[in-house]
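Student: I should like to learn how polar contacts, charged pairs and enclosed spaces are read from a model. Please take one feature at a time.

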Amino acid sequence: MAAGGILVLYNILMQVVPVPGFGPANLEPATNLGAWLDRLILGENHLWKSSKTWDPEGLLSTLPAIGTGLAGMLAGQWLRCRTLEPATKVAWLFVAGGAAIVLGMIWNGWFPINKSLWTSSYVLYTAGIALAMLAALYWLCDVHGYRAWTKPFLVYGVNAITVFFLSGLVPRLLQMIKVAGANGEPVGLRTWLYDTFFVPYFTPINASLAGAIVCVLIWLGILWVMYNRRIIIKV
């Protein structure tokens, strides 16, 4: 009930409450109520550097994010219930996930599924997918013990904070190292690597995908070595 109330409240705030200085409620990136509130309280210097006028993780969107968190907590409590059979847990997780997906798609009709705004429809739709995946993985891994294929995910998971931090830091450090580009102008090493090994061989969208896959595989190799040596970094 609390999660549902939060999602409805957020919908009302974003689509009913007028935005000071801009007029009627709207969902445009720089003129919606959330963006206005972020600029008012945080100031443009503390917003997402790529926009300066709005933030995909702003103050007001914390409300629906709480809804996402509550969905996870409820799912966890459901799985921890010792009076229910595993098959019952899985069945109802699938039911709840399917219902959330359908409700999210219906809500999308007037409050669009949008990650940057973390809309209420986005919360339901993604929570539904997550519940369905959780049910399937619980059934496969915990109930039937099919876990051999999960090691790549395990090595990422035990050092998740490490790869999260370093995957943001390393590209910035590489970009600080300047080398001669194709036209002789200095470019960051990260840009040079991308332009040299991916751009000539793929379309733009596939070059980006290939670069991302290679990065994931490189980090997987590093994390695999750390896992085998029992190196786990925690905060």
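Tutor: Let us start with a lysine. The side chain of lysine 89 reaches the backbone oxygen of leucine 79 at 2.8 Å. A polar contact is a pair of N or O atoms within 3.5 Å; within protein, one must be able to donate a hydrogen and the other to accept it, and residues adjacent in sequence count only if both atoms are side-chain atoms. This is a predicted model, in which local features need pLDDT of at least 70 and side-chain atom pairs count only at pLDDT 80 or more, whereas totals for chains, interfaces and linings use all residues. Residues are numbered from 1 along each chain as its sequence is written, and side-chain values use heavy atoms, with hydrogens and water left out.

Student: In which helix is lysine 89 found?

Tutor: Lysine 89 belongs to helix α4. Helices are DSSP runs (H or I, at least four residues), numbered from the N terminus.

Student: Which side chain of opposite charge is nearest to lysine 89?

Tutor: Side chains of opposite charge can pair when their charged atoms come close. For a salt bridge, a side-chain nitrogen of Lys or Arg must lie within 4 Å of a carboxyl oxygen of Asp or Glu. Here the nearest such side chain is glutamate 85, 8.6 Å away, and lysine 89 has no salt bridge although it is buried (under 20% relative accessible area, 1.4 Å probe, protein chains only).

Student: How many salt bridges does the rule give?

Tutor: The count is one salt bridge. Aspartate 142 and arginine 147 form a salt bridge through their side chains (4.0 Å, N to O).

Student: How should one read a pocket, and what is the volume of the largest pocket?

Tutor: On a 1 Å grid over the protein atoms alone, a pocket is an open set of points with protein on both sides within 12 Å along at least five of seven lines, a cavity is a set where a 1.4 Å probe fits but cannot get out, and lining residues have an atom within 4 Å of a point. The largest pocket has a volume of about 520 Å³. Its lining comprises 21 residues, with Leu174, Arg190, Gly211, Cys215 and Ile218 nearest the centre. Helix α9 contributes the most to this lining of the largest pocket, nine residues.

Student: How many cavities of 30 Å³ or more are found?

Tutor: The search of the whole structure finds one. The largest cavity holds about 100 Å³ of space, and α2 supplies the largest share of its lining, three residues.

How values were computed
Points joined across faces, edges and corners; volume = space filled by probe spheres on them. Helix = DSSP H or I, 4+ residues; strand = E, 2+ residues; numbered from the N terminus. Buried < 20%, exposed > 50% of the residue type's maximum accessible area, 1.4 Å probe, protein only. Lys, Arg positive; Asp, Glu negative; His and termini not counted.
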